[in-house]
Amino acid sequence: MVTTNSARPDSTSKRRTPARQASSVARSPDGRRIAYATYGDPGGDPVVFFHGMPGSRRLGAVLEPAARANDVRVIAPDRPGYGRSSPRPDRTVGDAAASVRPVLDDLGVERASLVAFSGGAPYAISTAASLGDRVTGVDVVAGATPPSFGDDTPAVQRLLSGLAAATPSVLGALFRGQAWVASRADPSFVVTQYAADADAVPDEAATVVKADFLAAFERHRSGAVTEFRDAANDWGIDLDAVDAPVRLWHGTDDANVPIAGAERLAEALPTAELRVLDGADHLGTLLRAAPEALSRSH
């Protein structure tokens, strides 16, 4: 089912940037560190948030106001090789649950819903396919789609995926340089990678987006290299194994992930509903969809 949402956020509202949350660490069975942060209501309904590519636990801060308003506890892990989580260069999309299950167990959470942004989408869908009844629902916001579902992948993404496959050390060096520049630049330097008009992004959200980008590379670059490599390959997920209800939120003006791929993904997922946000770009879709996604958590 496809529905359209034309509501726009109040860009004039000003909220104080959410305080940085202290990181916690879970351990995988093989001893790897999996860093995560929590936001919102500590006693609220648990929602695991999958950051973008590149990204980190810090992006969960954009969900803080909506999470508190809806009694939701957002759990935001760093995927392997990002932020403070240990690298795991041999990981695949298909084994994403191996880095989510230890976090749930560490917090004593038996069941949770999932929210994914952008490049976090395949890892959330993979987790839903693997964890079965532990996942109560999935919201994919401006989510990446399988490469076979779209023939209009932006040129920059094709270039980065090519570098990740052929010369990963070069791509790692490129990310190091980007992080160095971003640390000294205005947040708009990062925001323009995700939004058509950086000036339309509220200041507090722009600050979080910059912090998220820097945290992604604070210790490693292998997480982003691995995921750009995998972005060009088959996900290796049995979509029919996803039993939980899925909502795909996608903007009509998303240049990072054109909506055609989301339409095909909605058709391929047996439990999916596509909600179209008229006029929203990539980051704008996250800012507009997140409050309703959390208010209607499964």
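A residue is taken as buried when its relative accessible area is under 20%. In this predicted model, arginine 57 has a relative accessibility of 1% and therefore counts as buried. Its side chain forms a salt bridge with that of glutamate 218, with an N to O distance of 3.1 Å. Glutamate 218, at 33% relative accessibility, is partly exposed, so the bridge joins a buried arginine to a partly exposed glutamate. The two residues belong to distant parts of the chain, 161 residues apart. Arginine 57 is found in the loop between strand 4 (45–50) and helix 1 (64–69), whereas glutamate 218 is located in the loop between helix 7 (203–216) and helix 8.

Glutamate 218 also meets the side chain of arginine 84 in a salt bridge, here at 3.4 Å from N to O. Arginine 84 lies in the loop between strand 5 (72–77) and helix 2 (101–107); with glutamate 218 in the loop between helix 7 and helix 8, the pair therefore ties together parts that are 134 residues apart in sequence. The relative accessible area of arginine 84 is 25%, which means that this residue is partly exposed. Both bridges of glutamate 218 described here involve members of a salt-bridge network that links Arg57, Asp78, Arg84 and Glu218.

A further salt bridge is found within helix 1, where the side chains of arginine 68 and glutamate 64 meet at an N to O distance of 2.6 Å. These two residues are four residues apart in the helix, so about one helical turn separates them. Arginine 68 is partly exposed, at 47% relative accessibility, while glutamate 64 is buried, with a relative accessible area of 10%. Over the whole structure, the search finds 14 salt bridges.

Turning to helix packing, helix 4 (residues 155–166) and helix 8 (residues 222–231) pack with their axes 8 Å apart and at an angle of about 110°. Angles of 65 to 115 degrees count as roughly perpendicular, and the two helices are therefore roughly perpendicular to each other. On the side of helix 4, the contact is made by Leu160, Ser161 and Ala164. Helix 8 contributes Val225, Phe228, Arg229 and Ala231. By class, the contact residues comprise five nonpolar, one polar and one charged.

Terms used
Residues numbered from 1 in each chain as written. Predicted model: local features only at pLDDT ≥ 70, side-chain atom pairs only at ≥ 80, totals over all residues. Heavy atoms only, no water. Axes fitted to C-alpha atoms, helices over the stretch in contact; angles between N-to-C directions. Parallel < 35°, antiparallel > 145°, perpendicular 65-115°, else oblique. Contact = heavy atoms within 4.5 Å. Nonpolar A, V, L, I, M, F, W, Y, C, P; charged D, E, K, R; others polar. Salt bridge = Lys/Arg side-chain N within 4 Å of Asp/Glu carboxyl O. Buried < 20%, exposed > 50% of the residue type's maximum accessible area, 1.4 Å probe, protein only.
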